[in-house]
Amino acid sequence: MKTPRTVLITGILGQDGSYLADHALRLGQRVVGGIRGELSAERSWRLDHLGITRHIEFVPLDLLNAASIDHAIESTRPDLIFNFAAQSSVGDSFNTPIATAEAGGIGAVRIFEKARTSGNKIRVFQASSSEIFGDITDSQHSEESFFNPKTPYGATKLFAHIMAEAYRASYGTHVSTGILFNHESPLRGINFVTRKITNSLTKVKLGLIEGFSLGNLDARRDWSHAKDFVTAIWDMLALDTPDNFVLASGKLTSVREFVDLAAQALDIELSWEGSGQHERGIDRRTGRAVVTVNPEFYRPYDPAQPLADIRKAQRVLGWQPQHSLQSLVDEMVQFELKQLSPQ
Ligand code: G4F
């Protein structure tokens, strides 16, 4: 592959787009961020935190608007496109199935189509998701497993995933996908459970709130550091043959266990009492219930996450994650303490 010069990132204001931009800049690439709407300090906080905003060129790009995609690609002539833009919350997808499908499904195909017809031999990365597996009971899930999504988000991601394969098979388009299990960091949105926990528990520690509520504490997820994923994602587009890769840690942890890890990092002694909607996490030092369950945060459908088989990414990409779950939680908690502590 010729050395890439121009990298176009959709969703550059999100967690994955920001870390990928940082990675590409460190490698000396020209980074273009496709953004919908105006850039503001409120929206660029992740890039600002990484100190890279001024090194990025921004171009208007709206996945709902084919003309804006055409213009973004024609005017910047990328060698590589990383498509992270989507409505990325599974929970929100229950309330916004059409918007979720339009941006995450048809929007992805618009990117593939422009990459195909531009004649520039553009390589594309498409962010797929472990939600495409749905409820399946195979012991481990790989790129070859059966897909059976049941959420609007999972169904949308599967459509884009299969379209990526169709573009490869039908047109020879260089589209790779990452079947991404949960990946977190201090740059995670507060609407996702890990960041909600580290942020809320830090506020409890600092006396800013008395407690907070969660939904399904028994839900188990495979949580990795988002930084570990972007290195693998970058390497995917260096392969001569496009392909699909599962990225994960291979270990499942419950939401309750994640709360425990965050509590330990904050030196809060937590014990659990009760069950179901009446379960509570008690601060043993104060006797206060700092975590309660609120059914408002339950989902209409919350498929169990399967165990991931990451051997292909390890074998083909030589990928080895660098962060443990404990180090991820510690980093997230340190970030919250820095943001929330009085100056
Ligand atoms: O953090 P979550 O909202 O992430 P979710 O739904 O697993 O989706 C994330 O990972 C997917 C890959 O596997 C991505 F495709 C997707 O874009 C996103 O990055 O929820 C994790 C679990 C769920 O089971 C949820 O029911 O946590 C449970 N949970 C319990 N209480 C909660 C809460 N989730 C949220 N967001 N808020 C709660 O209060």
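Here are some questions and answers about the two sheets, the helices and the ligand site of this predicted model.

Q: In what order do the strands of the seven-stranded open sheet run?
A: The pairing in this sheet is parallel. From one strand to the next, the twist averages 20 degrees. Read across, the order is β3-β2-β1-β4-β5-β7-β12.

Q: Which strands of that sheet have one side left without a neighbour, and why?
A: A strand at the edge has a single partner strand, so one of its sides has no neighbour in the sheet. Two strands stand in that position, and they are β3 (57–60) and β12 (244–247).

Q: How many bridges join β5 to β7?
A: Strand β5 covers residues 123–129 and β7 covers 174–180, and the two run parallel. Within this pairing, R123 is partnered with H174, while Q126 has T177 as its bridge partner. The count of bridges between β5 and β7 is seven.

Q: Which residue of β12 is the bridge partner of I179?
A: On its β12 side, β7 again runs parallel to its partner, and four bridges join the two strands. The partner of I179 in β12 is V246.

Q: Is β7 largely enclosed or left open, and why?
A: Its residues alternate in direction: H174, S176, G178 and L180 point one way, while V175, T177 and I179 point the other way. Residues on both sides are buried. With seven of the seven residues buried, β7 is therefore largely enclosed by the rest of the structure.

Q: At about what angle does helix α6 run to β7?
A: Helix α6 spans residues 152–171. It lies across β5, β7 and β12. Its angle to β7 is about 150 degrees.

Q: How many residues of β2 are buried?
A: Strand β2 takes in residues 30–35 and is mostly covered. Five bridges join β1 (residues 6–10) to β2, with the two running parallel, and V7 stands opposite V31 there. Of the six residues in β2, the buried ones number five.

Q: Which residues are the closest to the ligand?
A: The ligand is surrounded by 23 residues. The protein covers 96% of the 720 Å² of accessible area that the ligand has on its own. The closest residues are S88, S129, S130, N182 and R299.

Q: How far is an N or O atom in the side chain of S130 from an oxygen atom of the ligand?
A: Three side chains are worth going through here. For D302, an N or O atom of the side chain is 2.7 Å from a ligand oxygen, and for R299 the value is 2.6 Å. For S130, it is 2.5 Å.

Q: Is S130 buried or exposed?
A: S130 sits in the loop between β5 and β6 (140–141). Leaving aside neighbours within four places in sequence, it is in contact with I179, L180, F181, N182 and Q305. Its relative accessible area is 7%, and under 20% is the cut-off, so S130 counts as buried.

Q: In what order do the four strands of the other open sheet run?
A: The pairing in this sheet is mixed. Neighbouring strands are turned by 25 degrees against each other on average, direction ignored. At the edges stand β9 (212–214) and β14 (270–273), each with a single partner strand, so one side of each lacks a neighbour in the sheet. The order is β9-β16-β15-β14.

Q: Which residue of β15 stands opposite L270?
A: Strand β15 covers residues 280–283 and runs antiparallel to β14. Four bridges join these two strands. Opposite L270 stands D283.

Q: Which helix lies across β9, β14 and β16?
A: Helix α7 (residues 193–205) lies across β9 and β16 (289–293), at about 160 degrees to β9. The helix that lies across β9, β14 and β16 covers residues 255–265 and runs at about 155 degrees to β14. That helix is α9.

Q: How many of the 11 residues of helix α8 are buried?
A: Helix α8 covers residues 226–236. Its buried residues include F229, V230, I233, W234 and M236, with A226, D228 and A232 also among them. The helix is largely enclosed by the rest of the structure because its buried residues number eight.

Definitions and conventions
Residues numbered from 1 in each chain as written. Predicted model: local features only at pLDDT ≥ 70, side-chain atom pairs only at ≥ 80, totals over all residues. Heavy atoms only, no water. Pairing = 2+ DSSP bridges. Axes fitted to C-alpha atoms, helices over the stretch in contact; angles between N-to-C directions. Contact = heavy atoms within 4.5 Å. Buried < 20%, exposed > 50% of the residue type's maximum accessible area, 1.4 Å probe, protein only. Near = heavy atom within 4 Å. Polar contact = N/O pair within 3.5 Å; in protein donor to acceptor, adjacent residues only side chain to side chain. Areas by Shrake-Rupley, 256 points an atom, 1.4 Å probe, with all protein chains shown as cover.
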